[in-house]
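Grab a coffee and open the viewer. Below are some exercises to work through by eye, each with a solution that goes step by step.

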Amino acid sequence: MRLPRRALPPPRPHPPLLHLLVLLSFAVPETAAAPPRTSSIVGMAWPTKCTWLPLPTSGMSHSYTLFSKYHKIWKETKEAVSANDVSRQETISGVIALKGSMKYFDADFFNDSKLREMEDGAIEFNVPAFRDNRKLVALENGGLHNPSALVFKSSWNGESKISKRKSLDYPITSSVHRPSKDEDIAFMSIMELGELIRTKQVTSRELTDVFLRRLKRYSPVIKSVITVTDDLAYKQAKEADDLLEQGKYLGLLHGIPYGLKDIIAVPEYKTTWGSKTFENQVLDIEAYVYKRLKSTGAVLVAKLVTGSLAYDDIWFGGRTRNPWNIEEFSTGSSAGPAASTSAGMVPFAIGSETAGSITYPAARCGVTALRPTFGTVARTGVMSISESLDKLGPFCRSAIDCAVVLDEIRGKDAGDPSSREVDIEDPFHVDITQLTVGYLDSAEMEVIESLFVCISLVTYCSFLI
Ligand SMILES: *[C@@H]1O[C@H](CO)[C@@H](O)[C@H](O)[C@H]1NC(C)=O
């Protein structure tokens, strides 16, 4: 959760090492050779027990003798080791340093080989990545000049003015008729379901029934649901139906069922974070994104799987599967929102991403999701992994539905100082023939070819209109 943090106390030097340094600075005459570097002292197993050496009793010459004696021992130790050993010793000193710092993360349980692996990884991957990121940030169009995940600002300068919310100009979805089979209803888009509700061909209660049945029926296989919120769902569905009876229609999400990734808090229901440790946790907080959806008349039907502590697709109830091929897993960590939307267990769901948790499961489960720019959707009441990277976004079955949901959930909230009012360009008024489409050289050609076919078709059709 987003709670105030306590500052860590500054690390202090290790006491025996401190004593040794004091002793050296006391004992070394100005003319003597420089003492070995402190890291070498650690690496070369400089004697840490001093009691067997005669203590200086008087005068500079005596302390010089003492220093020479230390220096001689150090030199002898140094000469006795081969070049290979020296590099091994340096690695050991890195491992010792890493072990020391792990203590401050309350993670001092790694063994030496694991620590060496981390050190190698950091040198090989992290350091070059940090250097590249710094270069990118310094570029004219880099993070210093545009909001970027590489630069963390808790508030956005010059953007404090709250822009007026504009609703998108949705195309009219006319002549939608209620299908006879529930299965066909389950895979309709939000635009179509919204039209069925508005024209009273279906009630929110009926939709809620359809999706609750599917959630219960498929969750034992797909393992994408943590809590079904029946009571709340029927209460919200009734409110939506009553409002419509009074002639009040709140918009496209009015009466539409949906699911939330289980790192998003809803009062009176468990918010488990997918973790065995928090399996029974109830947080009586209304997450900002839940509040927004409630105000649009949407109906919460389920808390969906998050990989444990928002990592991967493994949670305390098992591992979430890909509905298109249940031999595969969904990937994570928004495993539940992706798999449940894909299987028609919800018309849409809200997930989150720190690094890949929206894009990976959406790609694997074949749904359309949207990972918004950092700060677009306030994260109040949502478990935090990285304050400067976490983003909330919709999982749907089409790009239009993603636009509809994002338009309703975007916004700034006092509980999340990184959030902002971000205007989104109305996607229904973009001339897509003027867009430039980019792809990576490493992308699969089959996908690129399909993309080109789509673009040619759309361009052709737009000429016909
Ligand atoms: C060190 O820990 C890792 C797991 O973190 C384990 O796989 C490995 O076997 C351990 N190595 C030794 C030497 O105990």
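## Warm-up: the whole chain

In the protein, 70% of the contacts with a separation of 6 or more are between residues 24 or more positions apart. Keep in mind that this is a predicted model.

**Exercise 1.** Find out how many helices and strands the protein has, and what share of its residues count as buried.

*Solution.*
- Start with the secondary structure: the protein has 14 helices and 10 strands.
- Then turn to burial: 32% of the 465 residues count as buried.

## The sheet

**Exercise 2.** Work out the order of the six strands in the open sheet, and say which strands are at the edges.

*Solution.*
- Walk across the sheet and you get β1-β3-β2-β8-β10-β9, with mixed pairing.
- The edge strands are β1 (residues 225-228) and β9, since each pairs on one side only.
- Now zoom in on one pair: β8 and β10 run antiparallel and are joined by five bridges.
- For a landmark, look for Ala 349, which stands opposite Phe 395 in β10.
- Finally, see what lies on the sheet: α8 packs there and touches β1, β2 and β3 (299-304). The direction of α8 makes about 15° with that of β3.

## A pair of helices

**Exercise 3.** Describe how α8 and α9 pack: what is the angle, and how far apart are the axes?

*Solution.*
- Locate helix α8 at residues 204-222 and helix α9 at residues 230-245.
- Their axes are 8 Å apart and the packing angle is about 155°.
- An angle over 145 degrees counts as roughly antiparallel, so α8 is roughly antiparallel to α9.
- As for handedness, the crossing of α8 and α9 is right-handed.
- Next, list who touches whom. From α8 come Ser 204, Arg 205, Thr 208 and Leu 212. They meet Asp 230, Ala 233, Tyr 234, Ala 237, Lys 238, Ala 240 and Asp 241 in α9.
- Sort the contact by class and you get five nonpolar, two polar and four charged residues.
- One pattern to have in mind when you look at spacings like these: an α-helix has 3.6 residues a turn, so residues three or four places apart point the same way.

## A covered helix

**Exercise 4.** Is helix α13 mostly covered or mostly open, and what covers its buried residues?

*Solution.*
- Count along α13 (residues 399-409): nine of its 11 residues are buried, and the helix is mostly covered.
- The buried ones are Asp 401, Cys 402, Ala 403, Val 404, Val 405, Leu 406, Asp 407, Glu 408 and Ile 409.
- Their cover includes the helices α7 (190-198) and α10 (288-295). It also includes the strands β8 (349-353), β9 (368-369) and β10 (391-396).
- Follow the chain past α13 and you come to Gly 411, with a positive phi near 150°.
- Gly 411 has a partner in space: Glu 421 is 10 residues away in sequence, with the two C-alpha atoms 4.9 Å apart.
- Glu 421 sits in the loop between α13 and α14 (445-464). It has 18 other C-beta atoms within 10 Å, so Glu 421 is partly exposed.

## One loop, three residues

**Exercise 5.** In the loop between β2 and α10, say why Glu 268 counts as exposed and Trp 273 as buried.

*Solution.*
- Check the location: Glu 268 lies in the loop between β2 and α10, and Trp 273 is in that loop too.
- Look at the backbone. Glu 268 has a positive phi of about 70° although it is not a glycine. Trp 273, also not a glycine, has a positive phi near 55°.
- Count neighbours. Glu 268 counts as exposed because it has 10 C-beta neighbours inside 10 Å. Trp 273 has 25 C-beta neighbours inside 10 Å, so it counts as buried.
- Add Phe 278, found in the loop between β2 (257-261) and α10. Phe 278 has 19 other C-beta atoms within 10 Å and is therefore partly exposed.
- Leave out the neighbours within four places in sequence, and Phe 278 is in contact with Thr 272 and Trp 273.

## A cis peptide

**Exercise 6.** Which peptide bond near α11 should you check for omega, and what is its geometry?

*Solution.*
- Go to the loop between β7 (325-329) and α11 (335-342), where you will find Ser 333.
- The bond from Gly 332 to Ser 333 is cis, with omega near 5°.

Definitions and conventions:
Residues numbered from 1 in each chain as written. Predicted model: local features only at pLDDT ≥ 70, side-chain atom pairs only at ≥ 80, totals over all residues. Axes fitted to C-alpha atoms, helices over the stretch in contact; angles between N-to-C directions. Helix = DSSP H or I, 4+ residues; strand = E, 2+ residues; numbered from the N terminus. Parallel < 35°, antiparallel > 145°, perpendicular 65-115°, else oblique. Left-handed = near helix turned anticlockwise from the far one by under 90°. Contact = placed C-beta atoms within 7 Å. Nonpolar A, V, L, I, M, F, W, Y, C, P; charged D, E, K, R; others polar. Buried ≥ 20, exposed ≤ 12 C-beta atoms within 10 Å, placed from the backbone. Pairing = 2+ DSSP bridges.
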